[in-house]
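Dear colleague,

I am passing on the structure we spoke about, with some notes to read alongside it. Please look through it at your convenience.

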Amino acid sequence: MDFLTVIKQAIDFMEEHLLEPINYTDVAKHLYMSNYHFHRTFSMFTGITANEYIKKRRLSLAGQELIASDHKVIDIALKYGYETPESFAKAFARFHGVTPSKVKQLAKPLKSFNRLVIKIQVEGGVEMNYMITEREPFQLLAKVEQFDVKHASNPDSNAIPNFWEESKRNGVFNQLSADPANADFYGVCAPISKESQAFNYGIATIYRGGDVPTGYKVWDINTTLWAIFPCVGSDPGCIGETWDRISKEFLPGSPYTMLDAADFELYPAKSLPDHFCEIWIPVEKKAHI
């Protein structure tokens, strides 16, 4: 399924079920995608998460109904998925800048958030360096933390950069680099199942056997075919930019599809001056190629 089809089918499903208790996990399940890959794909293409889209569409429609009908506030609140008038009023006021009761009493300006429409837009036209390589399965020694899935593709989230900074301060880097041969660092990200709302992310080095320190784990990487992309820049912001181009430019037009397996950033000990890291994504050739 190509990316434009994914977004279109996701929007169609959300619009058809706006008055039902759905969230992004239901949309991912409908599309037979993992929560993680759907969340990342939808957010990168639209600039908004699926949950935000559902919430804003409901509040937009609720505002229209408030001014166009005689329905009570409590009835509209229940219709659009809010259990109490109070919770509805808070969400409504954050979105519209005015409470539902004041809308009923006086003519007040409201915000409109219309259905997304997919249009073809010319993108690309700029070279994107990448390399396809085979690599034998390997193991990492990793310090792992769990993060809410909302951090997976939110460019404004500092959760993972903060994890790296904390690891520098609390001795994780020293523990992982105790073996002089372990000069390369990995930021490895697990895929998310349809049932999960969180994902594991680890800071790691190659595991060469021996005792596993308390609080660490051995992470098996079994994928053998990889697409590698350099992240050109001086700070973590280039990672999100590179992922954006991978999703919008490389994957739709390449003969490869991304596997539902762990991906990682590689921070080599010897890297080019303008390269922050490399992104390695697990791939396989598309069936029709």
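The notes below take up a helix pair, a glutamate and a strand in turn.

This is a predicted model, in which local features need pLDDT of at least 70 and side-chain atom pairs count only at pLDDT 80 or more, while totals for chains, interfaces and linings use all residues. Residues are numbered from 1 along each chain as its sequence is written, and side-chain values use heavy atoms, with hydrogens and water left out.

Helix α4 (residues 50-68) and helix α6 (residues 85-96) have axes that come within 10 Å and cross at roughly 95°, and the two are therefore roughly perpendicular (65 to 115 degrees). In α4, the residues K56, L59, S60, A62, G63 and L66 are in contact (heavy atoms within 4.5 Å) with F88, A91, F92, F95 and H96 of α6. By class, this contact has seven nonpolar, three polar and one charged residues.

E15 lies in helix α1 (residues 3-16) and, at 17% relative accessibility, counts as buried (under 20% relative accessible area, 1.4 Å probe, protein chains only). Leaving aside residues up to four places away in sequence, E15 touches Y53, R57 and R115, and its side chain makes a polar contact (a pair of N or O atoms within 3.5 Å, one able to donate a hydrogen and the other to accept it) of 2.6 Å with that of Y53.

In strand β8 (residues 263-267), five of five residues are buried, with D263, E265 and Y267 on one side and F264 and L266 on the other. Strand β8 runs antiparallel to strand β3 (residues 185-189), joined by five bridges, and C189 stands opposite D263. Three bridges join β8 to strand β9 (residues 275-285), also antiparallel, where E265 stands opposite I279.

Best regards

Note on methods. Axes fitted to C-alpha atoms, helices over the stretch in contact; angles between N-to-C directions. Helix = DSSP H or I, 4+ residues; strand = E, 2+ residues; numbered from the N terminus. Parallel < 35°, antiparallel > 145°, perpendicular 65-115°, else oblique. Nonpolar A, V, L, I, M, F, W, Y, C, P; charged D, E, K, R; others polar. Buried < 20%, exposed > 50% of the residue type's maximum accessible area, 1.4 Å probe, protein only. Pairing = 2+ DSSP bridges.
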